[in-house]
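Reader: Please take a close look at one part of this model for me. I would like the aromatic contacts, treated as one connected account.

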Amino acid sequence: MAEAERITARQRAILTAIVENYIETGEPVGSGTIAGTIARVQARGGHAGVGLSSATVRNEMAELANEGLLEQPHTSAGRVPTARAFRMYVERLSGDSGMAGGGLLGGGERGRIQLQIDSSFAGVTGTHAMLERTSHVLATVSSGVGVAVALVAGGDTLEHVHFSRLGNGRVLAVVVTNSGLVRDRMLALDVDVSAQELEVASNFLNEHFRGWSIERVRAEIGRLVERERSEYQRLLTSVEQLWVGAIPDGGVGVQTVYVEGVANLLGGGVGSVEEMARLREVLAALEAKQRLVELLDAYIDAKQESVRVIFDLEEHAPEMAGLVLIAAPARMAGDGRGTVGVIGPKRIHYENTMNAVSYIAQVFERMLHPTA
């Protein structure tokens, strides 16, 4: 942490107090407020009377501003932390507690969050249900947007497939894998298919290919189509068209994405026309789930073993300017991999959110890999 070494211990304490005060209130922080905060902290630690004066804090804040760690939004206002200040704050949190390295949540507030998470996952089984619950829990704990993404490994096997007729040439395909992931897709077919024909196609796939790897099913159907020259081929052709529509890429790398808590982004007092316009861009990006997957892939490495906190999202997604990503990789069933995380404002409660993301990644490990 070379940047942290350029400031004194007193300046680090002041900067920490400023960041935490700003997270709590969302308002620029003045020297008087920080002097009072530091005095109360020192008193709780048995160091009453060693506090700093407002003038001393003001001088130190000027130095921190020169270092690019604080900025002044208005002439008469206090100071607010910059992205660099938030980064330094997060580095201190990670270094002091080791929480970003996968440590279990402890007592106090952390213990309360752990109990909340454990309670939320009670009775939940299968990757699909866990992903859905994860996005909800993270949104609740962080007051941000909870995100859970799973990549179905190529070796995942077919458990069940079902086709439902929705109208002329329109079919809903639902594919369930043995890892618990569910993929549903709306298909627009060139020809209309009756409900009876869809049932026959579903039965054929379930009877012949249950337990097969997803990536092998289409190859085998294609081989059968080439071999058959009979009425049986008509059935196979229909089955092939339906399967290709349901799993267009053969099943390798199928993404399942859950997002919850988008409304939390409205809680920051957004009001101006410009802010509302940018919020609409953010919401559109979150709704375009493939865009969200690309964002996570750009920053989160499946090989890492810790929570990452990303402040420069706008470099990959301009509409995400001003937001922060807190995420970690999680092992799915089989060889699958995924990401769990939170997208929120820079004023997010970092300690609680980092701990929650880290702990939930461990929940996946325990529940889906109990003997690992």
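Author: This is a predicted model. Start with burial: F86 and Y350 are both buried. Their rings also pair. A pair of aromatic rings is described by the distance of the centres and the angle of the planes. For F86 and Y350 the centres are 5.7 Å apart and the planes meet at 40°. That makes the pair tilted, because the angle is neither under 30 degrees nor over 60. The contact links distant parts of the chain. F86 belongs to helix α5, residues 83–97, and Y350 to helix α13, residues 350–368. The two residues are 264 apart in the chain.

Y350 has another partner, Y89. Here the centres lie 6.2 Å apart, with 70° between the planes. This pair is edge-to-face, because its angle is over 60 degrees. Y89 sits in helix α5, so this pair too links α5 with α13, across 261 residues. Y89 is buried, as is Y350.

Now widen the view. Ring pairs join Y22, F86, Y89, F311 and Y350 into a cluster. The structure holds seven aromatic pairs.

One aromatic ring has a charged neighbour. R216 lies over the face of W212, 4.1 Å from the ring centre.

A last stop is a backbone detail. Most residues other than glycine have a negative phi. S143 has a positive phi, near 60°. S143 is placed in the loop between α7 (127–142) and β3 (145–152). With a relative accessible area of 47%, S143 is partly exposed.

Technical notes. Residues are numbered from 1 along each chain as its sequence is written. This is a predicted model: local features need pLDDT of at least 70, side-chain atom pairs count only at pLDDT 80 or more; totals for chains, interfaces and linings use all residues. Side-chain values use heavy atoms; hydrogens and water are left out. Rings of Phe, Tyr and Trp (its six-membered ring) pair if their centres lie within 6.5 Å; planes under 30 degrees apart count as stacked, over 60 as edge-to-face and the rest as tilted. Helices (H or I, at least four residues) and strands (E, at least two) are DSSP runs, numbered from the N terminus. Buried means under 20% relative accessible area, exposed over 50%, partly exposed in between (1.4 Å probe, protein chains only). A charge sits over a ring if NZ of Lys or CZ of Arg is within 6 Å of the ring centre and within 35 degrees of the ring normal.
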